Every structure is written in structure tokens, then in C-alpha cells.
Amino acid sequence: NSIGQTCLLEWLDSVVVRQSISNFASDWRDGSALCSLVRAFAPSSLPPVSALEDNTPLVRAQSAMKVATETLGVQPLLSPRELINPEGNQIAILAYLTQFRFIGKQTAQSADLAVIGPGVTGALAGEGTSFSIQGSDIFEKDFAITITSPDGRVVDFDEITSPSGDCSYQYTPTIPGTYTVDVRCAGEHLKGAPYSVTHVDSAKVASCSVTGKGLNRACVGEPTEFLIDCSSMG
């Protein structure tokens, strides 16, 4: 592969959710990846990929290419049948997909989204923590979450949706240190991502102390003080 092909594959892999993209052949044969790619630019134009699972690869490819042409202006350099054909022309698929790299977002999907919670600000190692994504039309958007531990391992997480429309993600930092929490929507980082999150040793936190008259009583309008001693944390 050329550098350009490698860069395009890396970009496609970051945009297409719930599927790894590493080539211009088999990864596109069932039409699902193209549906996900189109939804990244026009989220309301197609149902979520999970809702299209009962359709045939040809129907998925036809639906996605139709929206890509009519909504995004992507020229149909090949037919849906050619896309799903195991003997299809990879160069034609590459040329077709390259067009997506240079079109603007139909909507600024990540503009109104916020990530909050101790899971992206810091908590105690060995205890469960979480963060949530808040914003409009959460369930119409495709998110890619990756959590990496200080030693480079990928950390598992659970996705929980609430009746209020928020998406929460729960995970357990098993060792102290700085974790990386990467949150993307349609391939784009949400504001502030990736987050560097330090989870501290709970035993060391327990050894800290807080003293001072500011913890007991004070006079309104007059300064007071208290002291947090974290010297035992090193």
C-alpha cells in the first residue's frame, strides 16, 4: 500500500464504527461499512446499521450509495453490485471511498456534545467509575470509545442508556496511573478528547488528612483556612 492508501484506511477505520477497516475489498462486501460511513456524514438519512442487519448486502449497498449520491454529492464510480462482488475492482472502491475524505459534514455532530463524569476527570483505582455523553439526538449518533490503561492495555467498558437520553460508560481502572479515554463521534474527537485521566491509589488517598479551623466554624465575611496533607502520596 502507498502512504496515501494507508492514510485513507486509517481515516476510514476511525469513521466507521463497530467494524475494523483494513482493506478496500472484503471489509466493504456486505454493505454495512458503507452504511456506517454514510451515516457519519448524514446521520438521519439511514437507519442505524443494526437495524439493517436483516437486509441483503446488495440492498444495504444500494441504500447507502443512493444517499451518498443524492445527499452528499458522492459520485457513483461503481455500482452497488460491483461493491459487493468478491471479485470487484479494489481500485474503483478506493477511488469511490476517497470522495468521502473531502466532503464536509452535513451536520456538526460533535458540536453540541459534552463528556462529563469522574471517568474523564479522575477517580480511585480499583473502583468502578463512569462518564456520560450529553447532547441532542444521542441515539442517532455513532460513538467510538477506546480506554487505554497506563500499561497500554485496552480496558473493557459497559454502555448504559438512560430514559433521559444520556449515554453512560462504566469501567474499572484496575491499577493506579494515567489512562487515556478517547471519545469520537463520526470519526471526530469530542471537545477535550482524548482525555488523560489519572486514577490514584485508594490506599494513598486514605492516608491523606485534612485539618484546620475552616472545617469547624468561621465568621461570615472573614477568611478562614484548612490544610490538606497529601505528603504520604509521594
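This short talk goes through one helix pair, a group of aromatic rings and one buried loop residue in a predicted model.

Let me begin with the helices. Helix H2, which covers residues 32–41, and helix H3, which covers residues 57–70, have axes that come within 8 Å and cross at roughly 25°. Since angles under 35 degrees count as roughly parallel, H2 and H3 are therefore roughly parallel to each other, and the crossing of H2 and H3 is left-handed. If you look at the side of H2 that takes part, you will find Ser32, Leu34, Cys35 and Val38, and across from them, on H3, the contact is made by Arg60, Ala61, Ala64, Met65, Val67 and Ala68. Sorted by class, the residues in this contact of H2 with H3 are eight nonpolar, one polar and one charged.

I turn now to the aromatic rings, where the count comes to six aromatic pairs, and I will take two of them in some detail. In the pair formed by Trp11 and Phe41, the ring centres are 6.2 Å apart and the planes stand at 45°, so this pair is tilted. Which parts of the chain does the pair link? It links distant parts, because Trp11 belongs to helix H1, residues 3–15, while Phe41 belongs to helix H2, and the two are 30 residues apart. As for their surroundings, Trp11 has 14% relative accessibility and therefore counts as buried, and Phe41, at 1% relative accessibility, counts as buried too.

The other pair I want to show is that of Tyr96 and Phe100, whose ring centres are 5.7 Å apart and whose planes are at 80°, so the pair is edge-to-face. Here again Tyr96 is buried, and so is Phe100. Taken together, Trp11, Phe41, Tyr96 and Phe100 are linked by ring pairs into a cluster, and Phe41 of that cluster is in helix H2, the helix whose axis crosses that of H3 at roughly 25°.

Finally, I would like to point out Leu113, which lies in the loop between helix H5, residues 90–98, and strand S1, residues 114–116. Is this loop residue buried or exposed? With a relative accessible area of 7%, which is under the 20% cut-off, Leu113 is buried. Leu113 can also be set against Cys185: the two are 72 residues apart in sequence, and their C-alpha atoms are 9.2 Å apart in space.

Conventions: Residues numbered from 1 in each chain as written. Predicted model: local features only at pLDDT ≥ 70, side-chain atom pairs only at ≥ 80, totals over all residues. Heavy atoms only, no water. Axes fitted to C-alpha atoms, helices over the stretch in contact; angles between N-to-C directions. Helix = DSSP H or I, 4+ residues; strand = E, 2+ residues; numbered from the N terminus. Parallel < 35°, antiparallel > 145°, perpendicular 65-115°, else oblique. Left-handed = near helix turned anticlockwise from the far one by under 90°. Contact = heavy atoms within 4.5 Å. Nonpolar A, V, L, I, M, F, W, Y, C, P; charged D, E, K, R; others polar. Phe/Tyr/Trp six-rings, centres within 6.5 Å; stacked < 30°, edge-to-face > 60°. Buried < 20%, exposed > 50% of the residue type's maximum accessible area, 1.4 Å probe, protein only.
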